[in-house]
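Me: Please take a close look at a single helix of this model and at what packs against it. I would like cut-offs stated for each term.

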Amino acid sequence: MAKYEITYACGHVEDVQIYGKAADREREIAHRERGICKECWKAEQAQAAQETAKTFDLAQLEGSEKQVAWANDIRTKLFDKYGDQLKAATDEKTKNFMKFLVGQSSAKYWIDRRDATLRQLAQEWLKNEGGK
């Protein structure tokens, strides 16, 4: 175990504690130096979430700062994966489901369903609101 000063590819310097054998630590240092620091990674994630929110006209999330950040990540992954497919749908039920997802402004909604598949979200929507 030792502390190392890492200079990331983004130019930021950070002291990190790395555990393990010397060879493993050296490999970890080299890996980190090729990447970006935590703050730059967070900024990239926030930018990606903003772009996805703008692309799909997603509702502004409500909740604590940490909840909103977490929910943004969850929602961004879902819309990056399935958003274009949902947006291109022509049947009325899928369009209504898309409107429902786009309008979900509660960070809690997304966090509570963080492990749900799109199919599970659709089934829940059909059961609660879509069948009305």
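Reply: What follows describes helix α2, its packing partner and one residue in the contact.

The model is predicted, so local features need pLDDT of at least 70, side-chain atom pairs count only at pLDDT 80 or more, and totals for chains, interfaces and linings use all residues. Residues are numbered from 1 along each chain as its sequence is written, and side-chain values use heavy atoms, with hydrogens and water left out.

Helices here are DSSP runs (H or I, at least four residues), numbered from the N terminus. Helix α2 has 19 residues and spans 27 Å from its first C-alpha to its last, close to the expected 27 Å at 1.5 Å a residue; the expected span is 1.5 Å times one less than the number of residues. After α2 comes Asp57, with a positive phi near 55 degrees.

Two packed helices are described by the angle between their axes and the distance between the axes. For α2 (residues 38-56) and α3 (residues 65-87), the angle is about 35 degrees and the axes are 9 Å apart. The axes are lines fitted to C-alpha atoms over the stretch in contact, and angles run from 0 to 180 degrees between N-to-C directions. The crossing of α2 and α3 is left-handed, that is, the near helix is turned anticlockwise from the far one by less than a right angle. On the α2 side, the contact (heavy atoms within 4.5 Å) is made by Gln45, Ala48, Ala49, Thr52, Ala53, Thr55 and Phe56. The α3 side contributes Asn72, Asp73, Arg75, Thr76, Phe79, Asp80, Gly83, Asp84 and Lys87. By class, the residues of this contact are five nonpolar, six polar and five charged; Ala, Val, Leu, Ile, Met, Phe, Trp, Tyr, Cys and Pro count as nonpolar, Asp, Glu, Lys and Arg as charged, and the others, Gly among them, as polar.

The buried residues of α2 are Cys40, Ala49, Thr52, Ala53 and Phe56, where buried means under 20% relative accessible area (1.4 Å probe, protein chains only). Their cover includes α3 and α4 (92-102).

Thr52 belongs to helix α2 and counts as buried because its relative accessibility is 6%. Its side chain makes a polar contact with the side chain of Asp80, at 2.8 Å. A polar contact is a pair of N or O atoms within 3.5 Å; within protein, one must be able to donate a hydrogen and the other to accept it, and residues adjacent in sequence count only if both atoms are side-chain atoms. Neighbours within four places in sequence aside, Thr52 is in contact with Leu58, Thr76, Phe79 and Asp80.

Conventions: Helices (H or I, at least four residues) and strands (E, at least two) are DSSP runs, numbered from the N terminus. Buried means under 20% relative accessible area, exposed over 50%, partly exposed in between (1.4 Å probe, protein chains only).
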